[in-house]
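I opened this entry to look up how the parts of the structure touch one another, first inside one chain and then between chains.

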Amino acid sequence: MATAVAAADTFPKLLAAHAQARGESPAIREKDLGIWQCWTWRQVADEVRLLAAGLAARGFRPGAHLAVIGDNRPRLYFAQLAAQSLGGIPVPFYQDAPAPEMTYVFQNAEIEIAIVEDQEQADKLFEILPQCPKLKHIFYDDPRGFRHYKREELSSYESLLAEGEAWSKGHPGFLEEAVARGRGSDTSIMLYTSGTTGNPKGVVLSYDNLVRSSVAYTQLEGLTDQEEVLAYLPMAWIGQNLFSYAQWLVAGFRINCPESAETVITDMREIGPTYYFAPPRVLEALLTQVTIRMEDASAPKRWMYRHFMDLARRVGANILDGRPVGLAERLQYGLGGILVYGPLRNALGMTRIRVAYTAGEAIGPDLFVFYRSLGINLKQLYGQTETCASVCVQPNGQVKPDTVGTPLAGVEVRVLDSGEIVLRCPGLFVEYHQNEEATREAKDAEGWYHTGDAGYFDADGHLKIIDRAKDVGKLQDGTLFAPKYLENKLKFFTTIKEAVAFGDGRPVATAMINIDMQAVGDWAERRGIAYSGYQDLAAKPQVYDLIRECVEKVNADLAADPKLSGSQIHRFVVLHKELDADDGELTRTRKVRRRFIAEKYESVIHALYSDIDHCWVEAQVRFEDGRTGTVRAQLAVREAKTFPPQAAAKAA
Amino acid sequence: MTYQPRQFGDVILAVENISLSFGGVKALTDISFDVREHEIRAIIGPNGAGKSSMLNVINGVYHPQQGRVTYRGQSRAAMEPHFAARNGIARTFQSLALFKGMSVLDNLLAGRNLMIRSNIFLQALRVGPALREEVEHRKRVEEIIDFLEIQHVRKTPVGRLPYGLQKRVDLGRALAAEPKVLLLDEPMAGMNVEEKQDMCRFILDVNDEFGTTIVLIEHDMGVVMDLSDRVVVLDYGKMIGDGTPDEIRSNQAVIDAYLGVKH
């Protein structure tokens, strides 16, 4: 039985093997009407068969694309499997994408059939229908609101199942044949990446890509068919596809779809996942919730929480990684487990977690260590849609907050002289759909994928990502300068909202800093520092001292890093206004527009790279009602302590 | 989008020549209008026009001195509250009628109180038919929770919810009684624009999905004109207009009442 699962090289074959091997055990659950509804592997296989027949009856051909749009719903998972059973290719969409953004994908993938969750999604498709003449059939899961729709394109998911039942009577054995024809090298799914410029690119992933990547993960973490997973991230995201779809089918565990986006925290507590995946922003939101609730708790509880969390920060991660810890602290940590960590893990729904992953963006060390110190085995991984999110993972017992770990089995990683990371791996995508030029750019003749990320391996062979390769520069003496890396390090402090680092082609690195009004405002209030507004607060000498401490901590951190110790921040300035997208200083997704800022604040840059301790700025600001005005301010420029490169000396 | 035109049934509720006074104060004078099955009927008017009094006459809280109320073919001088509740008239209140310390779920279950058939002892012991009945009631309530999209606060005490959500729970409590006619007393009062939009959608969906006839009082003219099929306008206890939103918009008496006239 187990061999049938191991031998299967496509998802439909895996589904059939699971229906054989563990037909009566639960495969997928969904909370509906307050109850966890369950489908067994056999029920999934049966429904997928009917659905596939229905699609076949509507003319869905091998190689065709099927749009799947909505939140995590079992029926949308079945839709993906049905399309794959027929040799077709599902294309999941981000459910919150506005209609015009969907148009290009429908045209590019020549989609004829779409399966959508509800009226909201169907309405979007009707909006773009005139530009997508190929789209012929739309099937919906939730019938609410469709009563008065009179469109021939539209029918319900149930009616599609009924059509499938009728059709399969006349075509016995059709599905078995179709599934048997599938090969591992066939395309399994197409995921569109949001290009920052131009149209999105359809990343074509084969079954081999996803199955082999999943096998690497299941072997690394020893995943079994007993895992519980919460499926709550967008289906169009590679992480969700790998962890809640591909690995689900490879390992045969259970996935659970929450009731709604708002109930995820409650649903997570009810399910108690053993295997969990969360981007940093989700982890941060959870931590904020805990912090707020602790502030409202009674004084003894607050004391207990602070006391044991301090202890956990000191020893928790070491205990988790099996490093030596003194007996007294070990006993205290055990007591903390009963009083604080256990109940807290329970409140977070993380009691049963064996392995948790985070990825997607840089995670702050405090946030990361918080979860690890509670005894939750949270790890970072590194990968892109193009690599099935399967490049590097932090190995158990050797987790360092600032690296993404070591390459997975079968992955080759090289760092070019330019600092760019290139790699070859089993999960490496086939091509960009109908875009040979982009494929050639990303994947060279020898099959190396150019990630566009800059990084390097540290002494222990862990990969460290520092920035996008095109943003990385060099100081005058040739030292590596990675602005985003510095900025992220600064932004991990709650008091710093935004930071812009300069240094490319300059003698030293410097930074402009935006304080976080809320955090610094609270801080000032508690110390009885009076201020009249943002500009006044930002200019307070005490605030400068506060920020200087942060900068010096960053410098101390950098000093320990042999490659980056040269790019410590020598001078900084606290800006008098918040950087704002309305003033063109940030992009709409809140990314710093470094070059624009350098031009706009030329006088500040001049001051940063001279001996003067203050400068005048005059900046145009756009008010919310559209009027513009000028803000004039005198900014102080401060020096920060730098440290001799320690690790470099140690390593030499 | 292509929609079917809205279709209405027979008259389900009619008031004829209603006059109501409290001592010397005349709250309502000679009011007559009808409500057809499946329609959304609005009652509008300036402050003190008698809108809430009208609603209270319909569900029997006030007994008018004159006139008749006809509901589903039965005509009587005054409606009685228990008769109204048992025969499918439910209402929400301007100042919410919820148990603040109880969870959303329990509040909605309380809304089904009149439909519970098994006796209190069986219920207390949770045996046999009482348990089966409770499961059925819970299922209906869960459908309403799903319908109103309040799953995330299912177990939260109502008192801890923001006002807009409490209004939604109040609507759910009324819906739990599976009414034929739903009386809504200022369902959007005190809401922000977004909450108002949500509430409008829910009212339309209730009307559409459950076929519930809706009589509502509302101040926000934009909302009323968008939402309702027919509108009654009251002023100082007298009816000064009755018709479709378009007719009401061009009715001189209504314009005068709202904008004032030169004397």
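The domain bounds that I use here come from an automatic or database domain assignment, and the model itself is a predicted one.

Entry on the domains. I looked up how chain A is divided, and I noted domain 1 (2-206), domain 2 (275-468) and domain 3 (473-651). I then turned to domain 2 and domain 3 of chain A, whose centres, taken over C-alpha atoms, are separated by 27 Å. For the contact between these two I wrote down eleven residues from domain 2 of chain A and nine residues from domain 3 of chain A.

Which elements supply the side of domain 2 of chain A that touches domain 3 of chain A? I found that helix H15 (365-373), strand E20 (449-457) and strand E21 (463-468) of chain A each supply at least two residues of that side, and that E21(A) gives the largest share, three residues. Sorted by class, this side of domain 2 of chain A has six nonpolar, two polar and three charged residues.

Entry on the chains. I next looked up where chain B meets chain A, and I recorded 14 residues of chain B in contact with 14 residues of chain A. On the side of chain B that touches chain A, helix H5 (128-147) and helix H7 (193-210) of chain B each supply at least two residues, and H5(B) gives the most, with four residues. How do the residues of that side of chain B divide by class, and how many are charged? I counted two nonpolar, four polar and eight charged residues there.

Terms used
Residues are numbered from 1 along each chain as its sequence is written. Chains are lettered from A and ligands numbered from 1 in the order in which they are written. This is a predicted model: local features need pLDDT of at least 70, side-chain atom pairs count only at pLDDT 80 or more; totals for chains, interfaces and linings use all residues. Two residues are in contact if their C-beta atoms, placed from the backbone, lie within 7 Å. Ala, Val, Leu, Ile, Met, Phe, Trp, Tyr, Cys and Pro count as nonpolar, Asp, Glu, Lys and Arg as charged, and the others, Gly among them, as polar.
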